[in-house]
Amino acid sequence: MRSLFNFNDHWLYAPRELAYGASDDSFEPVTLPHSNITLPLRNFDNLEYQFVSTYRKRFTLPEARAGRRVYVDFDGAMTASTIVCNGVTLGDHDGGYVPFSFDLTDHLRDGENVLQVRLDSSERPDIPPNGHLVDYLTFGGIYRDVTLRFVEPTHIARLFARPRDVLSKPALAVDVYLEGALEDAHSVSAVLKDPAGVTIADASLDALPSRGGERRITLDFGALPDIALWDVNAPVLYTVEVGLYDGAAKRDDVATRIGFREAVFKKDGFYLNGRRLKLMGLNRHQTYPYIGAAAPARLQRRDADILKDELGVNIVRTSHYPQSPHFLNRCDEIGLLVFEEIPGWQFIGDSDWQALTMRDVRVMIERDRNHPAVILWGVRINESWDNEALYTATNALAHKLDPTRQTGGVRYFQDSQFLEDVFTYNDFSDTVVDPVHLPHLITEFCGHRFSTKTSDQEERQIAHALFHARIQDKQMGHPTIAGAIGWCFFDYNTHREFGSGDRVCYHGVTDMFRLPKYAAYVYESQIDPAVRPVLRAVTRGAAGDRSGGGFEPLYVCSNCEEVALYVGDEMIQRASPARDEFPHLPHAPFKFSQCGLRLEEGLMNQYGDLRVVGTIGGQAVIEQRIRANGIPGALVVQPDDTELHADGADMTRLVFKVVDSYGNRLHYYNAIVSFTLEGPGELVGDNPFALIGGQAALYVRAGRTPGTLTIRASAARMEPVEVTITTR
Ligand code: GAL
């Protein structure tokens with residue numbers, strides 16, 4: 001039978017190339033996911049992570065081999081890995097975004113074994129995405145999980161579950177890929193389990209083809225009993241469990257979660273389960289402050305939750321490469337659609353480089369085709385020039401590996417050769433251009449056209465928010481465009497050829513910590529009010545910050561039916577959604593003008609606090625108060641989680657900000673906040689930290705011993721704050 005062991009702990013690491021025989025003294029102990037260097041927030045050189053490092057792991061087999069083969073599975077290591085087992089070089093893997101495995105079996109010993117990885121994290125021009133400029137950073141390290149896998153010589157390599165006819169007569173076929181010699185006695189059987197774990201159907205096959213190499217057999221479940229569909233609002237997941245038998249003895253066991261849904265782009269838009277659904281989303285990189293791409297499962301999952309729950313989007317594009325399995329798993333669980341694409345950016349290399357692109361298409365699809373959330377494969381290098389031979393081949397390969405999904409390929413010119421199923425287009429026209437090819441999906445807009453920081457003056461932040469609102473509004477009203485995915489979810493570190501001079505692209509609707517700019521409120525306010533009411537005044541309510549003073553027009557992002565504006569106790573104006581400006585957004589922002597908020601200095605002192613009240617069905621359901629007197633009310637420190645796994649890798653975000661007495665962030669209050677941590681864990685990030693735009697975050701990493709982490713934060717003139725996190 002199969003056994004899987006988490007292989008993330010007890011690694012040794014050296015930030016340099018070391019020979020196989022080098023002493024352990026030259027290494028430090030680390031746990032994966034691991035970044036080859038911890039970096040500052042910004043203003044660092046990409047050369048800092050571009051070096052060869054060495055990872056070593058000493059291990060004894062956690063259980064007897066009992067005739068089984070033993071593989072080491074890497075979910076991802078940036079960028080080129082050479083694997084050595086007990087002194088024998090097993091091979092190389094080039095490319096940081098897709099998983100790879102090595103068969104250790106013939107090199108293992110009784111007692112201690114040594115696995116060593118030479119990891120070249122330089123921007124190797126022979127490996128996608130590099131070769132030319134790239135507007136993001138390919139941070140180094142073994143930055144995803146590693147697993148030790150024991151399997152019988154004949155075992156299941158992969159599954160591909162293919163639901164079909166889900167709207168009429170749901171049926172399911174499962175392709176089972178087998179590896180190893182097949183005997184007459186081998187058979188395969190599978191069960192389908194509902195979300196409660198109850199078996200609702202089964203299928204089996206006795207006569208397996210007995211040829212050499214890897215084989216695919218297909219189990220057909222035929223028509224199924226009542227099936228609940230997977231949808232964005234009800235992401236119902238089923239499980240397929242497949243067993244491989246040798247006579248009566250079970251030899252292997254693999255399970256995958258699946259969802260029954262029909263996702264198709266047609267000429268007039270995207271249809272989920274037969275219903276036209278306008279896509280509204282954001283692009284996500286996989287990078288984080290300080291730790292590069294080495295974010296453990298919890299942070300990966302949290303990003304999906306932020307996109308869905310805090311920003312209310314229904315689709316994410318994994319720009320510009322396959323991302324963490326943990327992120328995709330969470331997208332399945334919460335109903336967040338995914339457009340996933342191969343690594344690359346504006347550049348196509350030589351035939352060897354292109355062979356890696358073909359490999360990336362294959363591995364991406366083989367890895368991720370069971371995720372119901374994934375609705376489209378991106379099989380072009382983002383924004384590259386046309387290349388008929390290459391893109392005919394990537395499209396054909398994608399269709400062969402997955403006949404159930406359509407392809408896209410992101411470009412920024414309309415007359416590009418259309419070889420995919422969906423014309424996925426980066427529309428940087430600052431409006432919405434009419435499609436030339438259909439189906440048409442906008443895959444980027446805004447971005448460098450309107451770089452904006454959380455610390456920017458409010459006029460710029462408002463204009464940024466309105467930019468996103470305007471484009472999303474236009475696409476919503478367009479008869480054929482399937483949707484729009486904005487550039488981008490959060491700010492990101494980049495090369496010096498891009499960004500704001502500090503090597504950061506401030507293109508996010510949130511900052512690097514995923515904390516909101518005003519543009520985030522445009523998205524958040526599209527959330528169904530039945531889920532929760534949203535109301536965000538797009539202002540700081542200051543008398544003299546905008547050109548000319550005052551704060552008219554005042555926009556309020558809200559999903560309420562009506563919003564009333566009070567100054568002190570006086571109701572100044574009621575507004576309905578600004579349908580003249582945003583006729584198509586599900587929830588248009590509200591606009592208040594000519595209501596006396598254009599006063600000169602002293603407005604707030606004269607009239608008291610600002611109060612914005614949202615009503616639905618005549619009932620006040622949400623309100624926001626702003627007291628722009630600039631007096632800090634409190635230092636607020638909020639961990640995303642109060643319990644962590646004591647595995648040496650688990651992390652959570654610790655958000656801190658200074659707010660006024662109503663809880664509004666004080667945007668220009670750049671307090672220096674200092675932290676101490678007691679207990680088995682560590683703080684990751686700059687400490688002390690001067691707030692940016694009145695907010696920031698650190699990360700808390702659990703140690704390897706269970707206990708209590710006590711974190712104390714202090715800033716001048718503020719009450720200190722203490723929070724505790726338990727690690728188990
Ligand atoms: C696009 C590119 C993105 C990002 C963006 C900035 O051209 O695809 O990766 O660089 O521009 O606006």
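**Figure 1. The whole protein, helices and strands included.** Helices and strands here are DSSP runs, with at least four residues for a helix and at least two for a strand, numbered from the N terminus. Counted that way, this predicted model has seven helices and 46 strands. Its radius of gyration is 27 Å, close to the 27 Å that the globule rule gives for 728 residues, so the protein is as compact as a globular protein of that length. If you want a feel for the dimensions, the C-alpha trace spans about 85 × 60 × 50 Å along its principal axes.

**Figure 2. Inside and outside.** How much of the protein is buried? Buried residues make up 59% of the 728. The accessible surface adds up to about 26600 Å², and 47% of that belongs to carbon and sulfur atoms. Now look at who touches whom: among contacts with a separation of 6 or more, 68% are between residues 24 or more positions apart.

**Figure 3. Charges across the structure.** There are 74 positive and 97 negative charges in the protein, and their mean positions are 1 Å apart. Side chains of opposite charge can pair when their charged atoms come close. How many salt bridges turn up in a search of the whole structure? The count is 57. Some charged residues join up in a group: R257, R301, D305, R330 and E333 are linked in a network of salt bridges.

**Figure 4. R69 meets D103.** Zoom in on this salt bridge and you'll find the closest N and O atoms of R69 and D103 2.9 Å apart. The pair links distant parts of the chain, with R69 in strand β5 (residues 69-74) and D103 in strand β8 (residues 100-103), 34 residues apart. Both partners get a bit of daylight: R69 is partly exposed at 25% relative accessible area, and D103 is partly exposed at 27%.

**Figure 5. D175 meets R162.** In this salt bridge, the closest N and O atoms are 2.8 Å apart. D175 belongs to strand β12 (residues 171-179) and R162 to strand β11 (residues 155-164), so to speak two distant parts of the chain, 13 residues apart, that the pair links. Is D175 buried or exposed? With a relative accessible area of 2%, D175 is buried, because anything under 20% counts as buried. R162, on the other hand, is partly exposed at 23%.

**Figure 6. E643 meets R728.** Here's another salt bridge, with the closest N and O atoms of E643 and R728 3.0 Å apart. E643 lies in strand β39 (residues 643-644) and R728 in the segment after β46 (721-727), so the pair ties together parts that are 85 residues apart in sequence. E643 is partly exposed, with 41% relative accessibility. R728 has 56%, and it counts as exposed because the cut-off for that label is over 50%.

**Figure 7. I365 and its neighbours.** I365 sits in helix α3 (residues 351-368). This residue is buried, with a relative accessible area of 0%. Which residues does I365 touch, leaving out those up to four places away in sequence? They are W377, A398, L401 and D402. For a sense of how the chain folds back, take I365 and L397: they are 32 residues apart in sequence and 9.5 Å apart in space, going from C-alpha to C-alpha.

Terms used
Residues are numbered from 1 along each chain as its sequence is written. This is a predicted model: local features need pLDDT of at least 70, side-chain atom pairs count only at pLDDT 80 or more; totals for chains, interfaces and linings use all residues. Side-chain values use heavy atoms; hydrogens and water are left out. The radius of gyration is taken over C-alpha atoms; the globule rule is 2.2 Å times the number of residues to the power 0.38. Buried means under 20% relative accessible area, exposed over 50%, partly exposed in between (1.4 Å probe, protein chains only). Contact means heavy atoms within 4.5 Å. Accessible areas come from the Shrake-Rupley method with a 1.4 Å probe; for residues, only the protein chains shown count as cover. Lys and Arg count as positive and Asp and Glu as negative; His and the chain ends are not counted. The place of a charge is taken as NZ of Lys, CZ of Arg, CG of Asp or CD of Glu. A salt bridge is a side-chain nitrogen of Lys or Arg within 4 Å of a carboxyl oxygen of Asp or Glu.
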